[in-house]
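Hi,

Here is the structure I promised to pass on. Have a look at it first, and then read on for my notes.

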Amino acid sequence: MQVPFVDLNIQYQSLKKEMDQAVIDVLEQSVFCGGEAVSRFEREFAEFIGSRYAMGCGNGTDALEMALEVLQIGKGDEVIVPAMTWISTASAVSRTGAQVVFADVLEDEFTLDPADVERKITAKTKAIIPVHLHGRPARMDQLLSLAESYQLKIIEDCAQSHGAKYQGQMCGTFGDLATFSFYPGKNLGAYGHAGAVLTNNEKLAAELRMLGNHGQPEKHHHLRIGRNSNLDTLQAAVLNVKLPYLEQWTEKRIQHAHTYQNLLKDSRVKLPFVPMENRHVFHVYAVRLHKRNQVARYLADKNIITNIHYPTALPFTEAYAELHHTPSDFPVASALQHQWLSLPMYPELTNEQMEYVCRHLMEFLVS
Ligand SMILES: *Cc1c(COP(=O)(O)O)cnc(C)c1O
């Protein structure tokens, strides 16, 4: 048996007729930037999340950079981000000229620890970027109340959490802005790079739209120094085909998480924690164990591909070496980086594959 970490081809095969037609339609119409496919996706994705405005852009990293820019965050400002996330959450802040301030994550939830966030707030702090890591909602109630007390902006990094809900409310509707990535492996993935910024704020929406289009509200009228970051028509056409299936794919991921949970409940593996009132969308299913690297190698020998999200907490990457952090600054993130292992997770994963993964994982643990 083979168990890949993700398999994008199965999904393509299941959509082949519809997808091929949607791509051919774009080729035949030969409108490759903008057009109806882009505005349709922006409208329907905003509706799906429950936000008023969605602006497509080049990728999830651009989305973060543009969200920070329209909030006028830059030199002299500080932005608090989790010590454990994909690097874009932090690098987007650094690229604005603002200072990244890392906060640790919660032991069982892997999302921003509100108590550590509060310790890191200074007079220069302008914003917090919670990440719904692995698809599990961050503690938005506590983070929002900090934002209110200290007059801070919130940008939700929703790159891993399409359709996740915190206390019944869709992630991406809590902050001033929310950023999404549609990188192919994300829960809603394009066939290349794509992203979006969502907001309920009309003024920020107009600024974003202008920023991504060379600072021009209309052609050859450059109000600002902008940039060029847009959702390609072909990617929008792909996303339009996929969006109606997102809910059923998410339900599959949640079912698979239950299956893993049942298969592994008697093992010594620490399973991901999900608060009952929230909807975790399992972009990643990460377990915690000792001898993680040996387990990963053992499983790879059985054709089971695992991954690590992430092997180095951001404060300890070379990119952020100048901050001179030590593991004791972020005890949870420093422990996680050595212990967690992401098991195969995608909607089309079969029960047989999950049984095979768990059998070999437990075989290693008792050996
Ligand atoms: C994937 C990801 C991004 C970046 O998205 P790209 O589309 O790859 O630029 C940002 N933040 C998080 C948490 C991510 O997982």
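Before the ligand notes, one term: helices here are DSSP runs of H or I with at least four residues, numbered from the N terminus. Please also keep in mind that this is a predicted model.

Let's start with the ligand. Which helices supply at least two residues each of the shell around the ligand? That would be α3, covering 60-70, and α4, covering 88-95. The shell comes to 14 residues, and the closest are G60, T61, D157, S181 and K186. By class, the shell has four nonpolar, eight polar and two charged residues.

Now for the polar side chains that reach the ligand. In the case of T61, an N or O atom of the side chain is 2.5 Å from a ligand oxygen. S181 does something along those lines, with a side-chain N or O atom 2.6 Å from an oxygen atom of the ligand. Then there is N59, which has a polar side-chain atom 3.5 Å from a ligand oxygen. As for how covered the ligand is, it has 380 Å² of accessible area on its own, and the protein covers 93% of that.

So where does the ligand sit? You will find it in the largest pocket. That pocket has a volume of about 590 Å³, and 27 residues line it. W86, S181, Y183, K186 and Y310 are the lining residues nearest the pocket's centre. Two elements, α3 and α4, give two or more residues to this lining, and α3 gives the most, with three. S181 and K186 are worth clicking on, as they are listed among the residues closest to the ligand and also among those nearest the centre of the pocket. If you sort the pocket lining by class, you get 13 nonpolar, twelve polar and two charged residues.

There is some enclosed space to look at too. Rolling a probe the size of a water molecule over the atoms shows where empty space is left. How many cavities of 30 Å³ or more turn up in a search of the whole structure? Just one. The largest cavity has a volume of about 100 Å³ and a lining of 16 residues, with L8, Q11, K186, R253 and P347 nearest its centre. The elements giving two or more residues to that lining are α1 (8-29) and α9 (246-264). Its classes split into seven nonpolar, four polar and five charged. K186 shows up again here: it is near the centre of the cavity as well as near the centre of the largest pocket.

Last, a couple of backbone oddities. Most residues other than glycine have a negative phi, and most peptide bonds are trans. The peptide bond from H309 to Y310, though, is cis, with omega near 15°. Y310 is placed in the loop between α10 (292-301) and α11 (331-339), and it is one of the residues nearest the centre of the largest pocket. The other case is Q72, which is not a glycine yet has a positive phi of about 60°. Look for Q72 in the loop between α3 and β2 (78-82).

Cheers

Notes:
Residues are numbered from 1 along each chain as its sequence is written. This is a predicted model: local features need pLDDT of at least 70, side-chain atom pairs count only at pLDDT 80 or more; totals for chains, interfaces and linings use all residues. Side-chain values use heavy atoms; hydrogens and water are left out. A residue is near a molecule or strand if one of its heavy atoms lies within 4 Å of it. A polar contact is a pair of N or O atoms within 3.5 Å; within protein, one must be able to donate a hydrogen and the other to accept it, and residues adjacent in sequence count only if both atoms are side-chain atoms. Accessible areas come from the Shrake-Rupley method with a 1.4 Å probe; for residues, only the protein chains shown count as cover. On a 1 Å grid over the protein atoms alone, a cavity is a set of points where a 1.4 Å probe fits but cannot get out, and a pocket is an open set with protein on both sides within 12 Å along at least five of seven lines; lining residues have an atom within 4 Å of a point. A molecule sits in a cavity or pocket if more than half of its atoms lie within 2 Å of its grid points. Ala, Val, Leu, Ile, Met, Phe, Trp, Tyr, Cys and Pro count as nonpolar, Asp, Glu, Lys and Arg as charged, and the others, Gly among them, as polar. Grid points are joined across faces, edges and corners, and a volume is the space filled by probe spheres set on the points.
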